Amino acid sequence: MKKRKKWILIGVAVFLLLLLGLIQFYAFIMKDQWKERDAAKEVAKSRAGLTLMEKAQKSVWDENSVYWVLTGKNEAGTELMVWVRFTTDGKVAEGDNVVFSEELSKGTSEAKIRSIISAQLPDIKIQRLLPGVYNGEYAWQLFYEQGDRYYYQFYRFSDGMPIGGRFSLPKR
């Protein structure tokens with residue numbers, strides 16, 4: 001019985017060490033992502049007046065379209081969406097047009113864009129929908145499956161209209 005108790009304790013200790021190692025590995029992997037998100041939050045707070053952050057999403061379309069998009073509220077309680085442009089090396093970009101904020105009521109909310117998409121493309125399975133930038137326009141980036149193919153489609157944030165055509169991904 002004593003031997004059994006010893007092996008149980010050793011097994012629990014090994015399990016806890018493995019769990020701790022996995023947690024540390026995850027934190028190491030995510031460190032840069034969390035650092036970027038925190039930098040985006042600080043910029044959105046100082047330049048756009050975002051006081052309460054509800055959601056932060058990273059959007060990358062090309063090397064000139066790396067953005068963190070934050071959704072939240074300002075001091076007056078108005079819902080905002082704030083785009084913060086980043087460089088490809090994970091730093092907040094410099095110059096003009098680094099931060100753009102818009103009241104959610106003046107644009108297309110996620111719920112509204114989902115209803116627009118379901119009306120226009122009823123037979124698709126949405127894989128991911130996130131705010132981003134496409135050809136210099138603030139947009140919703142839709143990644144979806146239709147049949148056995150995957151596609152990207154962009155919708156303008158201001159009015160919910162499609163921008164350009166859809167992009168088809170090659171079959172595997």
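Helices (H or I, at least four residues) and strands (E, at least two) are taken here as DSSP runs, numbered from the N terminus. I keep that at the top of the page, since my first entry leans on it.

**Entry 1: the order of elements.** I am working with a predicted model. I read the elements off from the N terminus and got α-β-β-β-β-α-β-β-β-β. That gives the protein chain two helices and eight strands.

**Entry 2: overall dimensions.** I looked up the radius of gyration next and found 21 Å for the protein chain, where a compact globule of 172 residues would have one near 16 Å. The C-alpha trace spans about 70 × 45 × 30 Å along its principal axes. I then checked burial: 31% of the 172 residues are buried. The accessible surface comes to about 11,200 Å², and carbon and sulfur atoms hold 55% of that. For contacts with a separation of 6 or more, I noted that 34% are between residues 24 or more positions apart.

**Entry 3: strands 1 and 2.** How many bridges join strand 1 to strand 2? I found nine, between residues 50-60 and residues 66-74, with the two strands running antiparallel. A hairpin of five residues makes the connection from strand 1 to strand 2. To get my bearings in this pairing, I picked Gln 57 and saw that Val 69 in strand 2 stands opposite. A reminder to myself for viewing: side chains in a regular strand alternate between the two faces of the sheet.

**Entry 4: aromatic rings.** I went through the rings and ended up with 15 aromatic pairs, counting centres within 6.5 Å. One of them is Tyr 26 with Trp 34, an edge-to-face pair at 5.9 Å centre to centre and 70° between the planes. Trp 34 has 32% relative accessibility, so I logged Trp 34 as partly exposed.

Why is the pair of Phe 100 and Tyr 138 stacked? The ring planes are at 10°, and planes under 30 degrees apart count as stacked; the centres lie 4.1 Å apart. I liked this pair for its reach along the chain: Phe 100 belongs to strand 4 (residues 99-103) and Tyr 138 to strand 6 (residues 137-146), 38 residues apart. Phe 100 is partly exposed, because its relative accessibility is 25%.

I also traced a cluster linked by ring pairs, made up of Trp 61, Tyr 134, Phe 143, Tyr 150, Tyr 152, Phe 154 and Phe 167.

**Entry 5: a charge over a ring.** Which ring does the charged end of Arg 166 sit over? I found Tyr 151 there, with the charged end 3.9 Å from the ring centre.

How values were computed
Residues are numbered from 1 along each chain as its sequence is written. This is a predicted model: local features need pLDDT of at least 70, side-chain atom pairs count only at pLDDT 80 or more; totals for chains, interfaces and linings use all residues. Side-chain values use heavy atoms; hydrogens and water are left out. Two strands pair if DSSP finds at least two bridges between them. Rings of Phe, Tyr and Trp (its six-membered ring) pair if their centres lie within 6.5 Å; planes under 30 degrees apart count as stacked, over 60 as edge-to-face and the rest as tilted. Buried means under 20% relative accessible area, exposed over 50%, partly exposed in between (1.4 Å probe, protein chains only). A charge sits over a ring if NZ of Lys or CZ of Arg is within 6 Å of the ring centre and within 35 degrees of the ring normal. The radius of gyration is taken over C-alpha atoms; the globule rule is 2.2 Å times the number of residues to the power 0.38. Contact means heavy atoms within 4.5 Å. Accessible areas come from the Shrake-Rupley method with a 1.4 Å probe; for residues, only the protein chains shown count as cover.
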